[in-house]
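Visitor: Could you walk me through this protein and explain how each label is earned?
Guide: Gladly, let's look at it together.

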Amino acid sequence: MRSDDPRIERHEIDGQEVFLPSDEAWQAILEAGTLDERPVGVGRLPEQFRKLAGTVPGLAVALGADPTPDKPWWVYHVVRVGDAWCRVQVERQKHACGWDGITGNHRVMAIYLGTDDALTRMQRHWGAPQAKCPRCGEALDRPARWTAPVAT
Ligand SMILES: [Zn+2]
């Protein structure tokens, strides 16, 4: 499959061209194991990312090209914050008030790998507004750009 397929959205996130395939396009990509002849991630990671995204409302999986042509696609979890897509590390957090849910941590350098300068890109997001606990409105214990309920 080619990345210019109409079932694949193209966005720029942190200066990197990133692709968001539809469910149908994902199936074809995973079956082929490649997109634009570039391998899709390593081992079962893309499938695991997809599986998790399927259970968490608002969570999507994106592919980002490495600057080196033959390297596998980077696989990212992304969420919508306002009118922008943000890359996040998905975490589970429990809060003192009893809230138990999913949060997206934007203060992790690993999620910026594949961009031109992971450290600088992370630092740019460091001071972004943090999501509060959806139940009590207080600060969460770990950095969170976004929150979601746990699937029941
Ligand atoms: Zn709380």
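Here are a few questions and answers about this predicted model.

Visitor: What makes strand 1 and strand 2 a pair?
Guide: Pairing takes at least two bridges found by DSSP. Strand 1 (residues 8-13) and strand 2 (residues 16-21) are joined by 6 bridges and run antiparallel, so they count as a pair. One of the partnerships sets Ile8 opposite Pro21 in strand 2.

Visitor: And what lies between strand 1 and strand 2?
Guide: There are 2 residues between them, and the two strands form a hairpin. In the turn, Asp14 has a positive phi of about 55°.

Visitor: How do you know that the protein is as compact as a globular protein of that length?
Guide: The globule rule gives 15 Å for 152 residues, and the radius of gyration is 16 Å, which is close, so the comparison holds. The chain comprises 3 helices and 9 strands, and its C-alpha trace spans about 50 × 35 × 25 Å along the principal axes.

Visitor: Which residues touch the most other members of the largest nonpolar core?
Guide: Those are Ala62, Leu63, Tyr76, Val78 and Val79, out of 26 residues in that core. Strand 6 (74-81) is among the elements that each supply at least two core residues, as are helix 1 (23-32) and strand 7 (84-94). Strand 6 gives the largest share, 4 residues.

Visitor: What is Val78 in contact with, beyond its neighbours within four places in sequence?
Guide: Contact here requires C-beta atoms within 7 Å. Val78 has such contacts with Ile13, Ala60, Ala62, Trp85, Cys86 and Arg87.

Notes:
Residues numbered from 1 in each chain as written. Predicted model: local features only at pLDDT ≥ 70, side-chain atom pairs only at ≥ 80, totals over all residues. Core = buried A, V, L, I, M, F, W, Y, C linked by C-beta atoms within 7 Å. Buried ≥ 20, exposed ≤ 12 C-beta atoms within 10 Å, placed from the backbone. Contact = placed C-beta atoms within 7 Å. Rg over C-alpha atoms; globule rule 2.2 N^0.38 Å.
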